[in-house]
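Here is a set of exercises to work through with the model open in your viewer. Try each task before reading its solution.

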Amino acid sequence: MNHEDHVRLIAGAFEMRGSVWADFGAGWGAFTLAIRDLAGPQSEIYALDRDRSALASLRDEMIRRFPETYLYLLEGDIRRPPELPPLDGIVAANSLHYVDRTQQAPTLRHWSTLLKPAGRIVLVEYDSNNPNQWVPYPISFDRLGTLARDADLSSPILLATHPSRWSGGIYSAMTTITPAG
């Protein structure tokens, strides 16, 4: 996939520029850069990953491409993100499938506490239920519906799909906090 593919996969979740987003499991920053393209130069982006060298490379690429962007690099675990300001959204691309199946819904529930009232969680995952060494706890789009319900989130909205050579296709989906009532 290239940058335009990353942008296309998550574009449906972005309504306003200048917002505050986090990329959980940012890695080398493919989706962090896509967030920046969609949220614009006045956005604030928090990139969270365990890999310090990947975050350093992301910082260098962001400075090269978008020097005016407010990028905060956070080393840590997506299951227990550090304290953050209220977020307009969280993108987690190919990262939640590393969290044990029994902890995926609680992780999503915790993420929802980091959001502003109209905030959203955007997942990019392989549309498969078959684990492998690269995707140990897969989350098909159908299974995401169950996870969202268990995490007290809205039913996921399919944003986009992309073909993949591995494990079926890739999908992106968005979910939000379920209003109390």
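**Exercise 1. Find out what packs over helix α1 in this predicted model, and list which of its residues are buried.**

Solution. Start with the span: α1 covers residues 3–10, and six of its eight residues are buried, which leaves the helix mostly covered. Next, pick those residues out: they are His-3, Asp-5, His-6, Val-7, Leu-9 and Ile-10. Then look for the cover. Helices α2 and α3 (52–65) contribute to it, and so do the strands β4, β5, β6 (157–162) and β7 (170–176).

**Exercise 2. Do the same count for helix α2, then look at the residue that follows α2.**

Solution. Helix α2 takes in residues 30–39, and eight of its 10 residues are buried, so to speak a mostly covered helix. Go along the chain and you tick off Phe-31, Thr-32, Leu-33, Ala-34, Ile-35 and Arg-36, then Leu-38 and Ala-39. Keep in mind that an α-helix has 3.6 residues a turn, so residues three or four places apart point the same way. Now step past the end of α2: Gly-40 comes next, with a positive phi near 90 degrees.

**Exercise 3. Lay out the fold: how many helices and strands does the protein have, and in what order do they run?**

Solution. Count first: there are five helices and seven strands. Reading from the N terminus, you get α-β-α-β-α-β-β-α-β-α-β-β. Now check the overall dimensions. The radius of gyration is 15 Å, close to the 16 Å from the globule rule for 181 residues, so the protein is as compact as a globular protein of that length. Along the principal axes, the C-alpha atoms fill a box of roughly 40 × 40 × 25 Å. For burial, 50% of the 181 residues make the cut. Finally, take the contacts with a separation of 6 or more: 70% of them join residues 24 or more positions apart.

**Exercise 4. Is Arg-120 buried or exposed, and which residues does Arg-120 contact?**

Solution. Place the residue first: Arg-120 sits in strand β5. Its relative accessible area is 11%, and since buried means under 20%, Arg-120 is buried. For the contacts, skip anything within four places in sequence. What remains includes Ala-13, Phe-14, Glu-15 and Trp-21, along with Asp-88, Gly-89 and Ile-90. Leu-115 is on the list too, as are Met-174, Thr-175 and Thr-176.

**Exercise 5. Take two loop prolines, Pro-81 and Pro-131, and work out the surroundings of each.**

Solution. Pro-81 belongs to the loop between β3 (70–75) and β4 (87–93). With 11% relative accessibility, Pro-81 counts as buried. Leaving out residues up to four places away in sequence, Pro-81 touches Phe-24, Leu-48, His-110, Trp-111 and Leu-114. As a distance check, the C-alpha atoms of Pro-81 and Ala-22 are 10 Å apart, with the two positions 59 residues apart along the chain.

Now move to Pro-131, in the loop between β5 and α5 (141–150). Here the relative accessible area is 56%, and Pro-131 is exposed. Beyond its neighbours within four places, Pro-131 is in contact with Pro-136 and Pro-138. The C-alpha atoms of Pro-131 and His-97, 34 residues apart along the chain, are separated by 9.2 Å.

**Exercise 6. Where do Asn-94 and Asp-152 lie, and what is phi for Asn-94 and Asp-152?**

Solution. Asn-94 is in the loop between β4 and α4 (101–112). Its phi is positive, about 55 degrees, although Asn-94 is not a glycine. At 23% relative accessibility, Asn-94 counts as partly exposed. Asp-152 lies in the loop between α5 and β6, and its phi is also positive, near 60 degrees, again in a residue other than glycine.

**Exercise 7. Look at the surface, the charges and the confidence: what does the protein expose, and what is its average pLDDT?**

Solution. The exposed area is about 8,800 Å², with 52% of it supplied by carbon and sulfur atoms. Among the side chains, 17 are positive and 21 negative, and the centres of the two sets lie 1 Å apart. The average pLDDT is 94, and 97% of the residues score at least 70.

Technical notes:
Residues numbered from 1 in each chain as written. Predicted model: local features only at pLDDT ≥ 70, side-chain atom pairs only at ≥ 80, totals over all residues. Heavy atoms only, no water. Helix = DSSP H or I, 4+ residues; strand = E, 2+ residues; numbered from the N terminus. Rg over C-alpha atoms; globule rule 2.2 N^0.38 Å. Buried < 20%, exposed > 50% of the residue type's maximum accessible area, 1.4 Å probe, protein only. Contact = heavy atoms within 4.5 Å. Areas by Shrake-Rupley, 256 points an atom, 1.4 Å probe, with all protein chains shown as cover. Lys, Arg positive; Asp, Glu negative; His and termini not counted. Charge placed at Lys NZ, Arg CZ, Asp CG, Glu CD. pLDDT = per-residue confidence, 0-100.
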